[in-house]
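Thanks for coming. Please bring the model up on your screens, and we will walk through it together.

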Amino acid sequence: MKKFEVVIILSPEIGAQTLKDEINFFKNQISNNTGKIINDEDWGLRDLSYNINKFKKAFYCFFQIEIDSKNIDKIKKNLNQADNFLRHLFIKVNTHQELPTKIFNEKK
């Protein structure tokens, strides 16, 4: 199992319940592909650096996971097919950074 840090960006047009459902969808994708979520942070509604699908803001979520590298492509394919996921980024790391992150602290 390798360590990854993941950021997902979700549409700002979804409601609170749909946001929870989409996050649970992502978590289920990890667990269904023999992965494990170590930590997660909700970074909330934030400004985008550039417009994505005409959106200027989006919901950001951060995850620290452990999963086999071969299963990442399956998860990415499912995220690309989901309408509410605007972007996702998987970064392989040697060790997970300490939480809370700097961005999470800026929110307060």
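Let me start with a question: in which loop does Lys54 lie? Lys54 is in the loop between β2 and β3. Keep in mind that this is a predicted model. Lys54 is not a glycine, yet its phi is positive, at about 70°. Is Lys54 buried or exposed? Its relative accessible area is 79%, so with the cut-off for exposed at over 50%, Lys54 counts as exposed.

Now look at Asn53. Asn53 also has its place in the loop between β2 (36-52) and β3. Asn53 shows a positive phi too, about 50°, and again this is not a glycine. The relative accessible area of Asn53 is 56%, and that makes Asn53 exposed.

Next, the overall fold. The chain has three helices and four strands. In sequence order the pattern reads β-α-β-β-α-β-α. How compact is the chain? The radius of gyration is 14 Å, and the globule rule gives 13 Å for 108 residues; the two are close, so the chain is as compact as a globular protein of that length. For box dimensions, the C-alpha trace spans about 35 × 30 × 25 Å along its principal axes.

Some whole-chain numbers. Of the 108 residues, 42% count as buried. The exposed surface is about 6700 Å², and carbon and sulfur atoms supply 45% of that. Take the contacts with a separation of 6 or more: 78% of them join residues 24 or more positions apart. On charge, there are 18 positive and 14 negative side chains. The centres of those two sets lie 3 Å apart.

On to the interior. In soluble globular proteins, nonpolar side chains tend to be buried together. Here, the largest nonpolar core has 20 residues. Which residues have the most contacts inside it? They are Val6, Ile8, Leu10, Phe26, Phe63, Ile65 and Phe90. Five elements each supply at least two residues of this core: β1 (2-10), α1 (16-32), β3 (55-67), α2 (72-81) and β4 (85-93). The most comes from β3, with five residues.

Zoom in on Ile65. Set aside residues up to four places away in sequence. Ile65 then touches Lys2, Lys3, Phe4, Val6, Ile30, Lys36, Ile37, Ile38, Phe90 and His96. Val6 and Phe90 on that list are also among the core residues with the most contacts.

There is a second, separate core as well. This one has 10 residues, including Ile9, Ile52, Phe55 and Ala58.

Two more loops before I stop. Asn33 lies in the loop between α1 and β2. Is Asn33 buried or exposed? Its relative accessible area is 13%, and the cut-off for buried is under 20%, so Asn33 counts as buried. What does Asn33 contact, leaving aside neighbours within four places in sequence? The partners are Ile67, Asn71, Lys74 and Ile75. Compare the other loop: Asn53 and Lys54 are exposed.

Last stop, the loop between β4 and α3 (102-107), where Pro100 is found. Check the backbone here. The peptide bond from Leu99 to Pro100 is cis, with omega near 0°.

That is the tour.

Methods
Residues are numbered from 1 along each chain as its sequence is written. This is a predicted model: local features need pLDDT of at least 70, side-chain atom pairs count only at pLDDT 80 or more; totals for chains, interfaces and linings use all residues. Side-chain values use heavy atoms; hydrogens and water are left out. The radius of gyration is taken over C-alpha atoms; the globule rule is 2.2 Å times the number of residues to the power 0.38. Buried means under 20% relative accessible area, exposed over 50%, partly exposed in between (1.4 Å probe, protein chains only). Contact means heavy atoms within 4.5 Å. Accessible areas come from the Shrake-Rupley method with a 1.4 Å probe; for residues, only the protein chains shown count as cover. Lys and Arg count as positive and Asp and Glu as negative; His and the chain ends are not counted. The place of a charge is taken as NZ of Lys, CZ of Arg, CG of Asp or CD of Glu. A nonpolar core is a set of buried Ala, Val, Leu, Ile, Met, Phe, Trp, Tyr and Cys residues joined through side-chain atoms within 4.5 Å.
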